[in-house]
Amino acid sequence: MNDQNDVLEELARLPTMAHPTVSPFGDEVALYYDVSGRNELHVVDVDTGDLTRWSDGEVPRNARWFASWDADGDRAFFHLDDGGDEQNDVYALARDGTVEPVVEMDGQVAIQDVGDDGETLLLGSTRNGQMNVYRHDLTAGETSKVTDYERAAGSAHLSPDGDRIAYATNETDDYDNRDVYVANADGSEPRNLEIGDVGAEAIPADWGPDGRRLLIGDNTEDLGRVGVYDLEVDDVTWYGDGTYEEQPVAFLSGGGRLLASRSRDAVSVPVVYDCETGGGRELDVPDGVTSAGGMGPAGVSIDEDRILLEHTGPIRRTELLVYDLATDEYETLLEAEYGPFDPDDFADAEYFTFPSDGVPETPARGVDHDPYEELEIGALLYDSGERPSPLIVNPHGGPRARDTKSFDLYTQVLVSQGFSVLQVNYRGSSGRGREFVEELIDDWAGAEQGDVATAVEYALESYDWLDEDRVVVFGGSYGGYSAYWQLVQYPDLYGAGIAWIGLTDLEDMFENTMPHFRTELMEKYLGTPEENPDPYAERSPVTHEENLDAPVCIVHGVNDRRVPVSQARIFREALEERGLEAGEDGAFEYHELGEEGHASSDQEQKLRLFRLLTDFLERRVDLETVRRSQ
């Protein structure tokens with residue numbers, strides 16, 4: 001066991017970089033990096049590769065939220081919350097380490113853009129309830145609300161001259177809809193650009209340097225497409241041939257080219273389009289997931305031809321690349337750290353597909369379903385090398401997300417314990433277009449959960465070295481909801497389960513999550529509990545807790561504002577009312593994580609979770625064969 005603890009600690013302490021963004025002058029890159037053991041803001045010199053730490057404990061332990069450069073490149077703005085509760089304020093950190101508050105107000109506050117004028121921040125905030133757009137004057141220190149919508153407004157961008165804003169929201173009765181608006185900088189005279197069909201989703205991604213054009217995305221044609229909207233003539237030029245799902249990233253230096261991200265199966269690759277000719281090409285990068293920075297107003301261009309990219313693969317940890325568009329060559333700006341490990345020590349991912357009609361052969365104990373449309377579902381399998389191998393089924397969160405060929409520390413931790421890991425891009429996942437995503441509307445805990453169970457059946461039949469008697473389900477967020485549901489809907493499949501920051505009572509989730517999650521997640525997918533009470537009751541795992549027939553480990557952060565800790569407490573109380581006892585020898589185990597919200601990237605907090613998971617698995621799953629082989 002000591003050797004196993006050593007491995008867990010070494011994995012948890014592998015330094016991780018997050019949210020890189022190029023400075024306004026292209027000579028530096030700011031990023032979060034925990035090479036010191038704690039998350040800190042660092043700056044990399046593009047020419048020399050020298051790494052300088054700016055912060056000393058002032059930034060959050062958890063690197064969930066990005067940092068942004070100010071217009072002069074002298075300060076970085078960062079988001080500070082209380083123990084991971086995401087009720088952020090905005091602070092500024094100077095090169096000399098000086099820290100000062102910039103925006104302090106109630107609710108969640110997130111920078112959406114930094115004005116080129118050096119005087120303006122665009123913010124998204126829930127200060128007055130729903131997420132809306134706010135404008136902060138850095139000189140006067142004043143914050144004003146510039147949009148006031150019932151549905152969430154965001155993805156806001158300030159024009160180069162500071163006179164206009166572009167943002168996305170929905171004023172239609174179609175909950176699946178999202179439109180792009182342009183308004184004056186104070187929010188007056190908003191105009192819906194009416195891009196695409198009602199019911200489709202459009203977003204603004206960047207202003208062109210001339211202030212005349214907007215880079216936009218839209219999924220009217222099913223697969224996401226990238227376009228440039230000319231505001232002078234009210235016309236859109238679309239790029240690409242519609243073969244792949246694509247998302248807009250940014251205009252490149254000079255504005256003559258744009259960068260997009262293309263999804264192919266379980267990989268992502270950058271694509272550059274010439275705005276004039278429409279010609280496009282995939283960049284010559286290694287297989288895996290290559291992207292341009294994290295969320296937020298990330299700078300991409302270093303100079304006229306060079307851009308900053310992040311690359312990762314199943315056995316390659318995230319590293320920073322400088323890509324030269326003129327030569328199609330790249331250099332590594334900041335290499336990944338591997339500590340005592342080598343990339344070959346990690347498990348690679350095999351991508352496969354299988355047919356699913358959403359109804360597995362395993363009996364449904366909670367809700368019966370008729371067969372759905374048969375779809376080809378994608379999945380990733382990480383082979384631990386153990387024979388026979390126990391299996392952990394790991395549904396992703398979101399639900400609008402997908403598992404990709406990228407480095408996943410949680411997966412590698414589980415593999416280090418002898419478990420093979422199965423990840424499933426069930427219907428409702430992203431990367432395959434609007435129709436595939438909308439399969440989940442009005443049907444949580446329906447066909448998508450059948451896809452997960454069918455994937456387990458397919459894997460057990462196709463890989464005879466997997467042990468059907470040692471199958472565990474583990475997930476976080478919507479993946480935690482999936483873990484709860486798999487255990488009560490298909491209990492015959494699983495010998496144990498781990499539900500981390502998961503949903504158990506959908507009506508309580510609706511009432512207690514943040515306003516933009518209430519409308520853009522719960523109401524969008526399920527309606528309101530008042531209008532649509534049946535799915536809220538029927539598709540809540542707690543409704544079917546009597547079907548639980550395997551030990552479950554319940555883990556939840558006490559400061560979680562996305563999926564409140566009440567979700568875990570409700571399920572625990574239902575089990576206790578049933579007469580089940582908690583504890584290492586009980587029917588379930590229960591853990592609330594202090595100073596933590598909706599997951600954490602902090603090394604100590606990750607290690608705490610890793611030890612909880614592996615301790616549970618060692619006691620609850622027969623690992624004698626695994627231990628004997630190590």
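These are my notebook entries on a predicted model.

**Entry 1: helix 4 and helix 5**

I started with two helices that meet. Helix 4 covers residues 447-462, and helix 5 covers residues 478-489. Their axes come within 11 Å and cross at roughly 75°. Angles of 65 to 115 degrees count as roughly perpendicular, so helix 4 is roughly perpendicular to helix 5.

Which residues make the contact? From helix 4 I noted Glu448, Gln449, Val452 and Ala453. From helix 5 I noted Tyr478, Tyr481, Ser482, Trp485 and Gln486. I then sorted the residues of this contact by type: 5 are nonpolar, 3 are polar and 1 is charged.

**Entry 2: Ser482**

I stayed with one residue of that contact. Ser482 is found in helix 5. Is Ser482 buried or exposed? Its relative accessible area is 0%, so Ser482 is buried. I set aside its neighbours within four places in sequence and looked up what remains in contact with Ser482: Pro395 and Gln449. Gln449 is also one of the helix 4 residues in the contact with helix 5.

I also checked a distance. Gly278 is 204 residues from Ser482 in sequence. In space the two are 42 Å apart, C-alpha to C-alpha.

**Entry 3: helix 2 and helix 10**

Next I took a second pair. Helix 2 runs over residues 409-416, and helix 10 over residues 603-620. The axes come within 11 Å here, and they cross at roughly 35°. I recorded this crossing as right-handed.

Helix 2 brings Leu409, Tyr410, Val413 and Leu414 to the contact. Helix 10 brings Lys606, Leu609, Phe610, Thr614 and Leu617. By type, the residues of this contact are 7 nonpolar, 1 polar and 1 charged.

**Entry 4: the nonpolar cores**

I wanted to know where nonpolar residues gather. In soluble globular proteins, nonpolar side chains tend to be buried together. The largest nonpolar core here has 61 residues. Which of them touch the most other members? They are Leu422, Trp444, Tyr494, Met522 and Ile554. Helix 5 gives the most to this core, with 7 residues.

Apart from this core lies another, of 42 residues. Its members include Tyr338, Tyr382, Cys553 and Leu617. I had already met Leu617 in the contact of helix 2 with helix 10.

I then looked at Trp444 by itself. Leaving aside neighbours within four places in sequence, its contacts include Pro399, Tyr478, Tyr481, Leu503 and Leu506. Leu521, Met522, Tyr525, Leu526 and Arg539 are also in contact with Trp444.

**Entry 5: helix 7**

Some of those partners sent me to helix 7, residues 515-526. Which of its residues are buried? I listed His516, Thr519, Leu521, Met522, Glu523, Lys524, Tyr525 and Leu526. What covers them includes helix 3 (434-437), helix 6 (506-512) and helix 8 (533-538). After helix 7 comes Gly527, with a positive phi near 75°.

**Entry 6: unusual backbone**

Most residues other than glycine have a negative phi, and most peptide bonds are trans. I looked for exceptions.

The peptide bond from Arg387 to Pro388 is cis, with omega near -5°. Pro388 is in the loop between strand 30 (375-382) and strand 31 (389-393). The bond from Gly398 to Pro399 is cis too, with omega near 0°. Pro399 lies in the loop between strand 31 and helix 2. It is also one of the contacts of Trp444.

Next came positive phi values outside glycine. Glu189 has a phi near 50°. Its loop runs between strand 15 (179-184) and strand 16 (191-192). The relative accessible area of Glu189 is 63%, so it is exposed. Glu194 has a positive phi of about 50°. It sits in the loop between strand 16 and strand 17 (202-207). Glu194 has 63% relative accessibility, so it counts as exposed.

**Entry 7: Val267**

My last stop was strand 23, residues 267-274, where Val267 is found. Buried or exposed? Val267 has 8% relative accessibility, and buried means under 20%, so Val267 counts as buried.

Leaving aside neighbours within four places in sequence, Val267 is in contact with Arg262, Asp287, Gly288, Arg402 and Lys405. I also looked up Asp403, which is 136 residues from Val267 along the chain. Their C-alpha atoms are separated by 9.1 Å.

Methods:
Residues are numbered from 1 along each chain as its sequence is written. This is a predicted model: local features need pLDDT of at least 70, side-chain atom pairs count only at pLDDT 80 or more; totals for chains, interfaces and linings use all residues. Side-chain values use heavy atoms; hydrogens and water are left out. Axes are lines fitted to C-alpha atoms, for helices over the stretch in contact, and angles run from 0 to 180 degrees between N-to-C directions. Angles under 35 degrees count as roughly parallel, over 145 as roughly antiparallel, 65 to 115 as roughly perpendicular and the rest as oblique. Contact means heavy atoms within 4.5 Å. Ala, Val, Leu, Ile, Met, Phe, Trp, Tyr, Cys and Pro count as nonpolar, Asp, Glu, Lys and Arg as charged, and the others, Gly among them, as polar. A crossing is left-handed if the near helix is turned anticlockwise from the far one by less than a right angle, and right-handed if clockwise. A nonpolar core is a set of buried Ala, Val, Leu, Ile, Met, Phe, Trp, Tyr and Cys residues joined through side-chain atoms within 4.5 Å. Buried means under 20% relative accessible area, exposed over 50%, partly exposed in between (1.4 Å probe, protein chains only).
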